[in-house]
Amino acid sequence: MLEAACDARIAACAVRRPSDGTLDMEMGLALAFDGIIIGAGVMGASAAMHLASAGMKRLLLLEKGPGVGSGSTGKSSACIRQTYSHYEVCLMAYEALQLFKNWQDFTGLEAPRANFVNCGVLFLVDKDDASVPKILDIHRRVGVKSAVLDDKARLELFPDVDFRAPPAHVVGLSDEAACDVVAVHEHEGGFADPVGTAEDMLDVARRLGAQARFKARVVKILQQGGRIAGIEADIAGQREVIHAPVVVNCAGPWAMGINRLAGVSLPQKLVATRNQIVSKQFPETLRGNIPMIIDMVNGIYCRLEANREQIITGSVREEDEREQVADPDHYNEVADAPFREEKLALLHHRVSTFEARGNITSYAGLYTVNQDDYHPIIDRAPLEGFFPVCGFSGHGFKLSPVVGALVAQKVLGQWGRVTSGVPTGFFNADRPRLTTNWGGVIA
Ligand SMILES: Cc1cc2nc3c(=O)[nH]c(=O)nc-3n(C[C@H](O)[C@H](O)[C@H](O)COP(=O)(O)OP(=O)(O)OC[C@H]3O[C@@H](n4cnc5c(N)ncnc54)[C@H](O)[C@@H]3O)c2cc1C
């Protein structure tokens, strides 16, 4: 593949402002690469790191924003848990967690910025939830360290967390939801800085020779002879054509538009979806360990932020993941007042020693929900040289350090910086629909 890429570089000539998507081979000087990645979120950065590690020498990443993390990544809650409905996804999260834990060794960077916080994860479910034995079985097979907490362990480990049944009057709860809670504790996991994580991975790629250009919006996917030939981009107001035999689409909520530019349609329905977060000051008086909590009973998740100065809360309810956004460049980036009120009330129930006072802020981000089965597509498209890496729904961040390794397998037929045990075909577009235990948000 690399040899073929070099041949293409010699043969190709860059042309400014072509009138259509085909290449004019007669004019211009060659500005050509072995591969182009679209998007500097965690997925583009991971793809760049692993492709460069696997030996792709002339690699270019293009990002329309001014810096790393301009899309989903910059708004991500960046929670890292390993509980999933499928062995393969749990394995991928487990593998990624090992990398987060050993981030400095993994990246080789002197002062990495991912700042992984290993606070553990509490997964709270209804006592009648049939998924618990399945979760524990998958954990055991993968090697995830976890246990169901009894009353004594709950009190010792998490004195500030209220494990009791939510009172029926708590906003948004039906009577059926007022139940006893089973607490599955993942001993390891937590959260990281999402932009720092992407920056670190891109730094590794750059040290290996990859280049990145910002304020560079891909506006055309070029094809020749039925295969990828490069892209046309608007770079700081100038149109430029850049040749490459490989284009990797890591454009997050914009990925569907890039697929359309390439004339590629996937079997899955991918939708840019608005997702809201509430952030509140966290009182200094609470000194116990607050883990990352996924509360399936109250329908929220939460974790600490900014050196324990804040706590952020989002939803795990499928009904909060339905607001489709037609143009990812324009959407309401502030959370709605009813959302803020409801989620804070639920948070106050779960962390009952939490004071009512404190500044509240909120925001909304976008991610691409795969409405078919909530899992990503990491595949080669029927258009030769085009690789969609998209549809990660609300759980892509934690998988990202391993995603690029799968991309390197797809593109070059070899692993990048790590070898994964996840079958490379697991996220193929033509897979059978993957089921989930709890609906979309927790896939
Ligand atoms: C509010 C919120 C909370 C989340 N919480 C979690 C969580 O707790 N745990 C978890 O694992 N995941 C979480 N996620 C999901 C996770 O953040 C995403 O799956 C992940 O960030 C997707 O990364 P990406 O690189 O695919 O996309 P993005 O980060 O969106 O990157 C795509 C990039 O492509 C660029 N781009 C788009 N079009 C073009 C173009 N034409 N030319 C050049 N560049 C272009 C964009 O500017 C953008 O920077 C959350 C997401 C959100 C929004």
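This passage describes an eight-stranded sheet, the helices that pack on it and the surroundings of the ligand. The model is predicted, and local features were accepted at pLDDT of at least 70 and side-chain atom pairs at pLDDT 80 or more, whereas totals for chains, interfaces and linings use all residues. Residue numbers start from 1 along each chain as its sequence is written.

Helices (H or I, at least four residues) and strands (E, at least two) are DSSP runs numbered from the N terminus, and two strands are taken as paired if DSSP finds at least two bridges between them. Eight strands form an open sheet of mixed pairing in the order β5-β6-β4-β14-β15-β16-β13-β17. Because β5 (146-148) and β17 (360-370) each have a single partner strand, these edge strands are left without a neighbour in the sheet on one side. The twist from one strand to the next averages 20 degrees (axes fitted to C-alpha atoms, for helices over the stretch in contact; angles from 0 to 180 degrees between N-to-C directions). Within the sheet, β13 (residues 270-281) and β16 (residues 310-315) are antiparallel and share five bridges, with Gln281 opposite Gln310 of β16.

Helix α6 (residues 131-142) lies across β4 (121-126), β5 and β6 (181-186), at about 10 degrees to β6, where contact requires C-beta atoms, placed from the backbone, within 7 Å. Helix α10 (residues 337-350) touches β13, β14 (292-295), β15 (300-305), β16 and β17, and its direction makes about 55 degrees with that of β13.

Around the ligand are 40 residues (C-beta atom, placed from the backbone, within 6 Å), of which Gly39, Gly41, Gly71, Gly252 and Gly396 come nearest. Two or more residues of this shell are given by each of α2 (42-53), α3 (72-75), β9 (216-224), β13 and β17.

Note on methods. Contact = placed C-beta atoms within 7 Å.
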